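Please find below a short note on secondary-structure packing and strand pairing, set out as numbered points for discussion.

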Amino acid sequence: MAAPFSSRTEPMQPQHAIDNGPPAIEADGLTKVFGGLTAVADLNFQVFPGEIFGLVGPDGAGKSTALRMLATIMDPSSGSARIAGCDVGKEAAQVKEHLAYMSQKFGLYQDLSVQENIDFYADLYGVPRKGRKARIEELLDFSHMRPFTQRRAGNLSGGMKQKLQLICALIHTPKVLLLDEPTNGVDPLSRRDFWRILHKLRQEKVAILLTTAYLDEAERCDRVGLIDRGRIVAIGTPREIKELMQGRILTIRSSQARKILSLLKGRLPTLSANVFGDTVHLVCRDIRETEDQARSLIREAGLAYDQIQEAHPSLEDVFVSVLDRDAEASAGAEQEQNTFFSADRTGAAGDIAVQVEHLTRRFDSFLAVDDISFQVQRGEIFGFLGPNGAGKSTTIRMLCGLLRPSMGNGTVAGFDVMTEAEEIKLNIGYMSQKFSLYEDLTVEENINFYGGIYGLNGRQLDGRRDWALRMAGLVEHRTSITSVLSGGWKQRLALACAILHEPPIIFLDEPTSGVDPLSRRRFWDLIYSMADQGITVFVTTHYMEEAEYCDRIALIYGGKMIATGSPLELKTRAMHDEIIDLRCPDPQALIQPLRLLAGVRDAALFGSGLHIVTADAEIAKAEIDRFLQEQGIAGVTMETILPSMEDVFVSLIEEVDRQNSGIDQPGGRP
């Protein structure tokens with residue numbers, strides 16, 4: 001078991017790291033103090049050549065500050081660090097020669113084109129002309145950015161900017177690569193390709209240190225450091241970290257999951273209870289006792305469920321179990337769950353909140369949205385998914401009255417998207433990925449500002465301000481400058497500001513991008529409460545687990561709607577492939593060989609294992625078994641499973657690509 005680890009304890013090291021020589025990254029008592037705040041406290045860890053090390057923790061834990069000190073952007077208050085043997089405090093120039101660093105802020109030149117940005121960074125890193133073109137083309141292909149090389153960086157979507165910044169960071173092959181939440185806002189297809197590039201760099205003995213808010217990505221790291229309030233809590237392999245889980249997990253899958261959660265919450269001896277899409281997660285100490293009581297209560301209430309069983313903990317489960325705190329903020333949100341609106345402005349259940357027919361938007365010769373049609377019911381959580389550049393943001397801008405459609409028609413809250421844009425703006429809430437808050441204003445000043453925009457004043461504004469502070473858990477921080485808030489607090493504040501005027505419909509554009517799992521789970525509790533009151537929630541996300549939480553989902557690709565339905569409908573009806581979950585000691589090494597087998601469409605990393613995509617699971621399993629025996633590979637388990645939403649997302653998009661190219665063959669993506 002990986003015991004909680006004092007900052008002076010030697011971290012556990014993987015065997016491959018020991019074989020690769022001295023550490024490429026060393027932190028020894030690294031500390032950073034801002035005034036009276038200790039952001040990073042006595043950090044001690046090592047990262048070796050050819051190792052991927054994940055640093056994970058809640059918002060404000062000190063992850064970005066630690067990376068900035070290692071990148072020589074910020075001087076430590078005390079302690080020391082070395083990059084490729086060079087001291088970050090005394091040999092900054094030498095450190096930069098061995099280092100590539102990608103921050104959360106876009107280090108791009110907005111007025112330069114994609115190609116010009118890449119060329120600039122290639123010159124900056126001294127990439128030789130010989131071989132440069134091939135390297136750039138490889139990166140453009142992996143990121144699917146080749147069609148946009150002449151577009152100005154300032155005109156790219158947030159996700160596309162993130163991918164361009166990845167290209168610029170990887171344009172040369174450094175000894176050390178520091179990545180601060182590199183896949184925020186990046187779709188699942190590009191995330192898979194990004195990890196393929198990381199593992200290629202790992203084979204070239206690059207030491208990689210990354211922070212991430214996606215805990216399934218942390219499962220792919222060789223080792224993980226769990227950081228909280230500036231201190232390392234534990235270091236170990238993902239398997240060792242999972243042994244820190246407090247309690248065991250009982251899952252209940254049901255189409256009535258939210259009703260079951262409401263029924264069981266507070267009536268069972270659980271450590272925590274949450275709902276994730278169609279599944280209730282109960283963390284408990286006695287699995288049998290909890291299961292017996294849950295079955296009895298559900299039966300008495302006349303509710304139905306498909307499956308009840310124990311589940312293995314994920315890293316996200318461990319993260320929440322070890323670090324679930326901030327009770328004040330949680331309590332504030334809990335108290336406000338049933339008081340989002342002071343009056344019923346949501347309309348009758350079953351009414352249509354959003355309806356579009358043949359909606360189209362063209363920019364000169366570029367067709368961004370191509371003849372899409374759909375409906376959203378009042379009180380529904382509607383997920384709008386698609387890869388970067390698929391047309392999601394353009395569609396939302398049309399629905400919010402910010403962009404006039406080229407063709408088609410539609411209504412939002414009963415107002416016409418063609419002729420009543422101003423009325424639409426007054427009857428919706430909108431929360432963008434960047435939260436749209438004024439960083440230099442206090443929490444209370446931001447609320448007052450948005451209240452004024454929406455025409456609130458006097459007692460009405462006073463009442464909604466008090467509600468917003470309680471809902472966001474920020475009563476004690478009402479005079480704090482917004483810039484000092486953690487991502488989770490900013491998220492709740494942004495939501496409160498977006499619905500101050502009690503709109504019947506709210507649009508959430510990637511609302512949890514870069515937010516830690518604790519804040520993400522609490523945020524979705526708020527969304528469920530809004531939907532239960534009849535508020536319509538229209539949400540875009542690149543985090544596929546969140547898609548499971550939606551009542552219905554629409555998938556857009558290349559400007560066209562390619563699938564719509566509930567998560568279960570998409571998994572069982574729209575998804576034509578089968579998925580094999582394969583667990584093995586070194587999944588990355590098996591990806592390419594497995595992709596070449598007959599019957600295997602694709603193989604990709606999924607958490608700490610692989611998901612094999614196939615038209616016939618039994619045939620593929622036989623082929624995989626034969627290959628494993630021939631290679632003498634042991635310690636492998638295989639199971640045919642219900643696809644995840646990420647599997648559905650990737651499979652449907654690749655099916656469209658195969659149809660468009662006239663190719664239907666095994667081997668997956670290049």
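The points below take up a four-stranded sheet, the helices associated with it, and a separate set of paired strands.

1. Status of the model. The coordinates come from a predicted model, and the remarks that follow should be read accordingly.

2. The sheet. Strands β26, β27, β25 and β28 form an open sheet, in the order β26-β27-β25-β28, with antiparallel pairing. Its edges are β26 (600–606) and β28 (637–641), each of which pairs on one side only. Direction ignored, neighbouring strands are turned by 25° against each other on average.

3. Pairing at the β26 edge. How many bridges join β26 to β27? There are six, and β27 (residues 609–614) runs antiparallel to β26. One register point can be checked directly in the display: A603 has I612 of β27 as its bridge partner.

4. Helices on the sheet. Helix α22 (residues 587–595) packs on the sheet and touches β25 (578–583), β26 and β27. The direction of α22 makes about 170° with that of β26. Helix α24 lies across β25, β26 and β27 as well, running at about 145° to β26.

5. The α21–α24 pair. Besides lying across those strands, α24 (residues 645–661) packs with helix α21 (residues 567–574). The axes of these two helices are 10 Å apart and make an angle of about 50°. An angle of about 50° lies between the limits of 35 degrees for roughly parallel and 65 degrees for roughly perpendicular, and α21 and α24 are therefore oblique to each other. The crossing of α21 past α24 is left-handed.

6. Composition of that contact. Which residues make the contact between the two helices? On α21 they are P567, L570, K571 and A574, while α24 contributes M645, V648 and L652. By class, six of the residues in the contact of α21 with α24 are nonpolar, one is charged and none is polar.

7. The β15–β16 hairpin. Elsewhere in the chain numbering, strand β15 (residues 352–363) and strand β16 (residues 366–377) run antiparallel and are joined by eight bridges. Within this pairing, V354 is partnered by V376 of β16. The two strands form a hairpin with two residues between them, and D364 in the turn has a positive phi of about 55°.

8. A further partner of β15. Strand β18 (residues 407–412) is joined to β15 by five bridges, and the two run antiparallel. Here the bridge partner of E357 is N409 in β18. Strand β15 is thus bridged to β16 and also to β18.

Terms used: Residues are numbered from 1 along each chain as its sequence is written. This is a predicted model: local features need pLDDT of at least 70, side-chain atom pairs count only at pLDDT 80 or more; totals for chains, interfaces and linings use all residues. Side-chain values use heavy atoms; hydrogens and water are left out. Axes are lines fitted to C-alpha atoms, for helices over the stretch in contact, and angles run from 0 to 180 degrees between N-to-C directions. Angles under 35 degrees count as roughly parallel, over 145 as roughly antiparallel, 65 to 115 as roughly perpendicular and the rest as oblique. A crossing is left-handed if the near helix is turned anticlockwise from the far one by less than a right angle, and right-handed if clockwise. Contact means heavy atoms within 4.5 Å. Ala, Val, Leu, Ile, Met, Phe, Trp, Tyr, Cys and Pro count as nonpolar, Asp, Glu, Lys and Arg as charged, and the others, Gly among them, as polar. Two strands pair if DSSP finds at least two bridges between them.
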